[in-house]
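Grab a pencil and pull up the model in your viewer. Try each task yourself before you read the solution under it.

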Amino acid sequence: MKKSLLMALIATSCISVSNNALSAEVPFAIAIHGGAGTIEKSKFTPKEEQAYRAKLTQAVEAGYKVLEQGGESLDAITAAIQVMEQSTYFNAGRGAVYTYDGSHELDASIMDGRNRQAGAVAGVKHVESPINLARLVMDNSVHVMLSGQGAEEFAKEQGIPLIENNLFDTEHRYKALLKAKQKLDKAKATSKDYQAAHKALPNNYKMGTVGAVALDKNGNLAAGTSTGGMTAKRYGRIGDAPVIGAGTFAENESCAVSATGHGEYFIRYNVASDICARVKYQGKTITQAGDEVINGVLAPIGGTGGVIIVDTKGNISLPFNTSGMYRASKSNTQATYVGIFKGE
């Protein structure tokens with residue numbers, strides 16, 4: 001009898017130790033980006049570079065703290081993105097670029113890997129945190145994407161105060177608008193074709209986004225993206241950031257992706273979901289899938305940009321085909337990593 005009791009206690013103890021060991025090894029991870037493009041070290045002062053790295057660190061740590069405390073991946077990516085939306089360093093929220101007519105139109109989307117629920121907003125002008133509004137669209141509406149005035153009416157119903165559009169005004173973005181319009185006017189002097197003139201703009205005017213992807217302790221993935229769009233954009237242009245499958249995608253069966261780059265290419269090639277499909281159906285790693293799409297599919301046809309990816313095991317990949325991408329990541333097995341330029 002005593003022997004049976006002893007064996008039972010030993011078995012219970014082993015199970016408890018085993019469960020604790022498994023619990024300690026549960027993966028969780030987060031990765032963020034603040035845009036890709038012609039980002040070269042020679043164009044930064046040491047102080048500027050330090051400031052960007054500090055803000056990226058702040059954002060990734062804000063998201064990681066949520067995960068570390070057992071919070072959901074959706075909350076983690078929202079926290080990280082909102083740090084970047086509140087910074088004028090990035091083309092999202094307060095750092096949004098100008099449209100051709102001198103205003104700001106913001107887009108964002110978010111996706112829950114558990115059930116493919118998603119929310120997105122496009123062309124909003126008076127909402128301080130587009131990623132927060134996208135989250136509310138996902139949680140509290142029957143729709144996936146709302147745009148313009150309708151999205152702002154929904155925001156008011158949800159108790160979000162509308163702000164003046166000039167909250168997003170910044171001197172360096174305004175100077176970029178003036179330069180872009182000068183280049184457009186110069187191009188139009190030789191061609192009356194708007195499309196041809198716009199193609200003549202350097203790629204840096206056509207990209208800039210923030211985003212985050214995360215895996216929480218419950219094994220749930222999430223992805224989110226927020227942007228001010230394209231400098232000197234016209235006609236209510238919408239890029240890939242609010243388009244589920246193009247700029248944002250997450251499903252627990254494969255991976256979570258947030259993209260940054262020349263949005264038209266990312267829409268046409270369905271970049272975010274293509275990467276996850278290669279993982280899901282072809283058994284590729286996220287490193288293989290990301291490289292195939294960013295460098296094998298997009299680069300040859302002029303599609304510039306990058307993505308951040310996290311999978312169900314907490315692996316992280318940050319591929320890009322430009323000279324730089326603002327990026328950071330952290331997991332329970334990887335210390336905080338922050339990068340800006342290629343090769344670091």
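Below are four exercises, each with a worked solution.

This is a predicted model, so local features need pLDDT of at least 70, side-chain atom pairs count only at pLDDT 80 or more, and totals for chains, interfaces and linings use all residues. Residues are numbered from 1 along each chain as its sequence is written, and side-chain values use heavy atoms, with hydrogens and water left out.

**Exercise 1. Get an overview of the protein chain.**

Step 1: start with secondary structure. The protein chain has ten helices and twelve strands; these are DSSP runs, with helices (H or I) of at least four residues and strands (E) of at least two, numbered from the N terminus.

Step 2: check burial. Of the 344 residues, 53% are buried, where buried means under 20% relative accessible area, exposed over 50% and partly exposed in between, with a 1.4 Å probe and protein chains only.

Step 3: look at contacts (heavy atoms within 4.5 Å). Taking those between residues at least 6 apart in sequence, 68% join residues at least 24 apart.

**Exercise 2. Work out how the rings of Phe90 and Tyr326 are arranged, and what the pair ties together.**

Step 1: search for pairs. The whole structure has ten aromatic pairs; rings of Phe, Tyr and Trp (its six-membered ring) pair if their centres lie within 6.5 Å, and planes under 30 degrees apart count as stacked, over 60 as edge-to-face and the rest as tilted.

Step 2: classify this one. The ring centres of Phe90 and Tyr326 are 5.9 Å apart and the planes stand at 80°, so you call it edge-to-face.

Step 3: place the two residues. Phe90 is in the loop between helix H3 (73-85) and strand S2 (106-112), while Tyr326 is in strand S11 (residues 324-331), so the pair ties together parts 236 residues apart in sequence.

Step 4: check their burial and company. Phe90 has 1% relative accessibility and counts as buried; Tyr326, at 10%, counts as buried too. Both belong to one aromatic cluster with Phe44, Tyr52, Tyr89 and Phe341.

**Exercise 3. Find the residues that touch the most other members of the largest nonpolar core.**

Step 1: set the rule. A nonpolar core is a set of buried Ala, Val, Leu, Ile, Met, Phe, Trp, Tyr and Cys residues joined through side-chain atoms within 4.5 Å.

Step 2: list the winners. In this core of 50 residues, they are Ile30, Ile32, Leu56, Leu133 and Tyr326.

Step 3: zoom in on one. Leaving out residues up to four places away in sequence, Ile30 has contacts that include Val60, Leu67, Ala80, Val213 and Ile316.

Step 4: look elsewhere. Another core, of 34 residues, lies apart from that one, with Ala118, Leu215, Ala272 and Val307 among them.

**Exercise 4. Describe the surroundings of strand S6 (residues 221-227).**

Step 1: count the covered residues. Seven of the seven residues in S6 are buried.

Step 2: sort the directions. Leu221, Ala223, Thr225 and Thr227 point one way, and Ala222, Gly224 and Ser226 point the other way.

Step 3: find the partners (strands pair if DSSP finds at least two bridges between them). S2 joins S6 through six bridges, running antiparallel, and Ala108 has Ser226 as its bridge partner. Strand S5 (residues 210-215) also pairs with S6 over six bridges in the antiparallel sense, with Gly211 partnered by Thr225.

Step 4: inspect the turn. The hairpin of S5 and S6 has five residues between the strands, and Gly219 takes a positive phi near 85°.
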